[in-house]
Amino acid sequence: MQSIGDALGLAVALVLSGDPDLLEIVLLSLRVSLSATVIACLIGLPVGALVAIGRFRGRNALLVFMNALMGLPPVVVGLLVYLHLSRSGPLGFLGLLYTPTAMIIAQVILIAPIIAALSRQVLEDLHTEYADQFRSLCLSRVQTVQALLWDARYSLLTVGLAGFGRAVAEVGAVIIVGGNIDHLTRVMTTAIALETSKGELALALALGMILLIIALGVNAAVQSVRMTAARQAYV
Amino acid sequence: MSDAAAMPFAQSVRSAVPSVLMPLRVRDLVLRFGEITVLDHLSLDLGPRGCTMIMGPNGAGKSLLLKLLHGLMQPTAGQIDWGGQGPTDVTARQALVFQKPVLLRRSVRANIEFVLKARCKRPGESAEFLEHVGLSHKADQPARLLSGGEAQRLSLARALATDPEVLFLDEPTASLDPASVLAIERIVSDARNRGVRIIFVTHDVGQARRMADDVVFMHRGKAAEHSRADDFFPDPQSSAARDFLNGRIVV
């Protein structure tokens, strides 16, 4: 067991040395979480937009359901995906269990509801402003959704960021469906959990530092884009 | 009035023929929100040409009447007949300019192109509309950074880009400076000369005198008076209209 000071020193050295194992874990984390975020946006944004502009029976119940799904426990999602992808499960023939694809699927299920629910709120506010104008122009539902998604693009960046943050930081789902296999499915969060349990705090801390730097970097980039957009009154 | 033949975008807008949507017949129109009656058995006939100014105090139901005529709202009771068709059947052949311009979070040019694409027209036509309203030099600027008068001119250009047979204007010059008001009035007058039927809500008596062919004066949810502008301004028939024109407070 190392002291925190020793571990921090080793962690900094590990990061600065560009350790190939560390790099592999970081890149896999980014590949899995970015893929999941993009796919979840492709699903969640249109769903959020359709619910935002739709007025139908049961809408309030759907909103409650969507909001509740934001709090899905990652381990439960992991378990459900595991049951479907395991050899005896309905999708077992695909052979996806313990692969990065399985991890992406689990993260998509986890964050698509977050993106749908948050984007619904953003797009509904915008639609309140545009509704009469769009009805006057006789826009179709598809044209309305396209216009809302485009005009809310900078606000939706923040929604996407919330989804990415949830994906890259979660450990419960990916450890169940990915198995934390070295050089195959080991990502930052699962590696941190493993190395901590082994008492190897240097690697765990190094990964934690990188995770924080990524979170800060992505947030700073999105904030910068939003500020530029706000100056042009595009937000 | 400007000369229609001299305008550069003549091929993009209506020629000077009256709309087949006219005449407009409104019978016993009622609009209620719970216990509140906004429009109370309003009846109205509008002819095929010109500019109708709708005047009246706040709360008279002018803006809601425009929305009903344009098919954006459903009345509680009554009939609206646009040359044999209902309001929702003809919404696409009309345009509405709102008091507060609703501009997309895009460039000035993209605001026009959005409408042209929605109507399956060439986006390249946007330049002609921007030139017509004097905004060519701001084409690439963010639309929401325009001044109030420029924003309303863009809103008007976007409405004209739909090639409407009927153009509704809901107090488009409220809180604009005199130069901006004049610019808007010139564009609207030009559209009228090209055959677009204008239905214009205003509180501005001076503007109504400059623009109106006929005037509908609304009071307490009814059309208290509808007459030719030449008759209305010198000799209003209703006491509410007389008080309004004389600057007295009408409630």
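**Loops, sheets and contacts**

Q: Where is the place of B:S175?
A: The flanking elements are strand 6 (166-170) and helix 6 (178-193) of chain B, helices (H or I, at least four residues) and strands (E, at least two) being DSSP runs numbered from the N terminus. This is a predicted model, in which local features need pLDDT of at least 70, side-chain atom pairs count only at pLDDT 80 or more, and totals for chains, interfaces and linings use all residues. Residues are numbered from 1 along each chain as its sequence is written, while chains are lettered from A and ligands numbered from 1 in the order in which they are written. B:S175 is in the loop between strand 6 and helix 6 of chain B.

Q: Does B:S175 count as buried or exposed?
A: A residue is buried if 20 or more other C-beta atoms lie within 10 Å of its own, exposed if 12 or fewer, and partly exposed in between, with C-beta atoms placed from the backbone. B:S175 has 12 C-beta neighbours inside 10 Å, so its class is exposed.

Q: What is the phi of B:S175?
A: Most residues other than glycine have a negative phi. B:S175 is not a glycine, yet its phi is positive, near 65°.

Q: Which residue in the loop between helix 8 (172-178) and helix 9 (188-198) of chain A is of note?
A: One residue of this loop has a positive phi of about 65° although it is not a glycine. Because it has 9 C-beta neighbours inside 10 Å, it counts as exposed. The residue in this loop is A:H183.

Q: How many helices are there in chain A?
A: From the N terminus on, the elements of chain A run α-α-α-α-α-α-α-α-α-α. Chain A has 0 strands, and its number of helices is 10.

Q: What percentage of the residues of chain A count as buried?
A: The C-alpha trace of chain A spans about 70 × 50 × 25 Å along its principal axes. Of its 235 residues, the buried part is 37%.

Q: Where does UniProt place the feature "domain: ABC transmembrane type-1"?
A: UniProt positions are given in the numbering used here, with feature names shortened, and annotations may be inferred rather than shown by experiment. The annotated span is 79% helix and 0% strand, with its end C-alpha atoms 20 Å apart. The unreviewed entry puts this domain in chain A, at residues 26-222.

Q: How far apart do the end C-alpha atoms of residues 97-118 of chain A lie?
A: UniProt (unreviewed entry) lists residues 97-118 of chain A among the spans called "transmembrane region". The span is 86% helix and 0% strand, and its end C-alpha atoms are separated by 30 Å.

Q: Which element gives the largest share of the side of chain A that touches chain B?
A: The contact takes 15 residues from chain A and 17 residues from chain B, two residues being in contact if their C-beta atoms, placed from the backbone, lie within 7 Å. The elements giving two or more residues to the chain A side are helix 5 (100-136) and helix 6 (141-151) of chain A. The largest share, 6 residues, belongs to helix 5 of chain A.

Q: Which element gives the most to the largest nonpolar core?
A: A nonpolar core is a set of buried Ala, Val, Leu, Ile, Met, Phe, Trp, Tyr and Cys residues joined through C-beta atoms within 7 Å. The largest such core has 133 residues, and those touching the most other members are A:A106, A:I115, A:V177, B:A157 and B:F200. With 19 residues, the element that gives the most is helix 5 of chain A.

Q: Which strands stand at the edges of the open sheet of chain B with antiparallel pairing?
A: This sheet has 3 strands in the order 2-1-4, two strands counting as paired if DSSP finds at least two bridges between them. Strand 1 (residues 24-33) is joined to strand 4 by 5 bridges, and B:R27 has B:Q79 as its bridge partner in strand 4. Each edge strand has a single partner strand, so one side of each is left without a neighbour in the sheet; the edge strands are strand 2 (36-46) and strand 4 (77-82) of chain B.

Q: What is the bridge partner of B:V216 in strand 9 of chain B?
A: An open sheet of 6 strands in chain B has the order 5-6-7-3-8-9 with mixed pairing, and its edge strands are strand 5 (94-97) and strand 9 (222-228). Strand 8 (residues 214-219) runs antiparallel to strand 9, joined by 6 bridges. The partner of B:V216 is B:H226.
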